[in-house]
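Please open the model in a viewer and keep the selection tool ready. The tour below goes from stop to stop, saying what to select and what is there.

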Amino acid sequence: MTSTRVNEIDLLRFFAALAIVFFHYSFRGYAADAMSVMPYPLLASASKYGYLGVELFFMISGFVILMTAASGNLRRFVISRVVRLYPAFWACCTIAFAVTIVIGEPRYSASVGQYLVNMTMLSGFVGVPSIDGAYWSLFVELKFYALVALVLVIGRIHQAQTFIILWLVTSVALELHAIGKLNYLLITDYSAFFIAGAAYFLIWSKGVSLTRTAIVTISWGLAVFQSIKGLKEFETHYHTSMSSYVVAGIVTAFFAVMTLVALRCTGLVGRSRWLLAGVLTYPLYLLHQNIGFMVFNLAYPRVNMHLLFWGAIIAVLICAYVVHICVERPFSSPMKAALHELADRIQRLTPRSSGRAEARR
């Protein structure tokens, strides 16, 4: 298995993030939960489907995380995830906390204790509200990382195909008969997307086979089902109507595009570098939601809604770039080196500690 960069993934990530930004800014914030006072009806009828960008993120994650884990090195996998996630998260969480303190009231508030727990990126697992609502998908991602890490711990990453088949079969079974804790641990609401992404990586790295084709096909059916089953609840909560055909079509389009990526049939798009789009994605996702809503609540209706809407998008893109340049780029390499050095020290100390304990016995 290779870890060669897949250019198309960077572009797909960026499109997924933009879809989510448009969903939040032009539909979600105003539609429910009193998050934003500013409507944006010009795009709402289309952007209300933008939440599916998260599902595309999960599919991409299945592809990329299996690629990252393919070497079979648990330490390298864990360090790569920590370095990838935490520097930008710490910066964006701090910015969101500061903005909340300054202009958040009365709709938004945050405490120092809440902020400190959020900085661990584990707030969703201990019942502490997130500083920004967008963090919910990080908790889903972390569960997926834990599943991959478990496969690495038992030294069976070379049997990844077997594990994703088992995960797929179990997910289908749990859709038929839910078992609360198992559904939670196996992320069955979104598992089809992670599984499909992992299968696409196997196709990309090892080639097409009947088994991998079957995994993708069944995952597609499960993904469409998972995406449609919650539409009634969505419609009720957001006071809107949704087309199951549009949702199914968007999900199918994700699979079609990822099929082209896996088969290396993307032509010029695949040969072009989309690194800037890729590096903007994560800080853009982390920064945009609550900060954008707070700005809308502060400035609307005194500021023209079109100027406010598009200005907020441009501003958050600039902020995402600043976070990448000022935080991710300078701190990632030193942090990775420090973590490897720490791991080396622990590894050197462990045998001696074990030896001393054995001598005492």
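**First stop: a backbone outlier**

Select Ala34, which is partly exposed at a relative accessible area of 48% (buried means under 20% relative accessible area, exposed over 50%, and partly exposed in between, with a 1.4 Å probe and protein chains only). This is a predicted model, in which local features need pLDDT of at least 70, side-chain atom pairs count only at pLDDT 80 or more, and totals for chains, interfaces and linings use all residues. Residues are numbered from 1 along each chain as its sequence is written, and side-chain values use heavy atoms, with hydrogens and water left out.

Ala34 lies in the loop between α1 (7-31) and α2 (41-47). Helices here are DSSP runs (H or I, at least four residues), numbered from the N terminus. The phi angle of Ala34 is near 50°, a positive value in a residue other than glycine.

Go next to Ile187, in the loop between α8 (180-185) and α9 (191-206). Phi of Ile187 is also positive, near 50°, and this residue is not glycine either. Is Ile187 buried or exposed? Ile187 counts as buried, at 4% relative accessibility.

**Cis peptide bonds**

Select Glu105 and Pro106, which are joined by a cis peptide bond with omega of about 5°. Pro106 is in the loop between α4 (74-103) and α5. Then select Tyr300 and Pro301, where another cis peptide bond has omega of about 10°. Pro301 sits in the loop between α14 (275-299) and α15 (305-360).

**Phe57 and its surroundings**

Move to Phe57 in helix α3 (residues 53-69). Phe57 is buried, with a relative accessible area of 15%. Which residues is Phe57 in contact with, leaving aside its neighbours within four places in sequence? They are Arg13, Ala16, Ala17, Ile20, Glu141, Thr281 and Tyr285 (contact means heavy atoms within 4.5 Å). To add a distance label, pick the C-alpha atoms of Phe57 and Phe15: they are separated by 9.8 Å, and the two residues are 42 apart along the chain.

**Aromatic rings**

Colour the aromatic side chains. A search of the whole structure gives 32 aromatic pairs (rings of Phe, Tyr and Trp, the last by its six-membered ring, pair if their centres lie within 6.5 Å; planes under 30 degrees apart count as stacked, over 60 as edge-to-face and the rest as tilted). A pair of rings is described by the distance of the centres and the angle of the planes.

Zoom in on Phe125 and Phe139, an edge-to-face pair with 5.7 Å centre to centre and 65° between the planes. The two residues are 14 apart in sequence: Phe125 is in the loop between α5 (112-118) and α6 (136-153), and Phe139 is in helix α6. Phe125 counts as partly exposed at 35% relative accessibility, whereas Phe139 is buried at 12%.

Now select Phe22, Tyr25, Tyr40, Phe293, Phe296, Phe309 and Trp310, which ring pairs link into a cluster.

**Charges over rings**

Show Lys143 with Tyr184: the charged end of Lys143 sits over the ring of Tyr184, 3.6 Å from its centre (a charge sits over a ring if NZ of Lys or CZ of Arg is within 6 Å of the ring centre and within 35 degrees of the ring normal). Show Arg81 with Tyr145 in the same view; the charged end of Arg81 sits over the ring of Tyr145, 5.6 Å from its centre.

**Two helix packings**

Two packed helices are described by the angle between their axes and the distance between the axes. Display α7 (residues 160-176) and α10 (residues 210-229), whose axes come within 11 Å and cross at roughly 35° (axes are lines fitted to C-alpha atoms, for helices over the stretch in contact, and angles run from 0 to 180 degrees between N-to-C directions). Among the residues making the contact are Ile164, Leu168 and Val172 of α7 and Ile215, Ile218 and Leu222 of α10. The contact residues divide into eight nonpolar, five polar and three charged (Ala, Val, Leu, Ile, Met, Phe, Trp, Tyr, Cys and Pro count as nonpolar, Asp, Glu, Lys and Arg as charged, and the others, Gly among them, as polar).

Keep α10 and add α12; these axes come within 9 Å and cross at roughly 145°. Residues that meet here include Trp220 and Val224 in α10, and Val251 and Phe255 in α12. This contact of α10 with α12 has nine nonpolar residues, four polar and no charged.

**Last stop**

Finish at Val257 in helix α12 (residues 244-262). Val257 is partly exposed, with a relative accessible area of 35%. From Val257 to Ile346 the C-alpha to C-alpha distance is 44 Å, at 89 residues apart in sequence.
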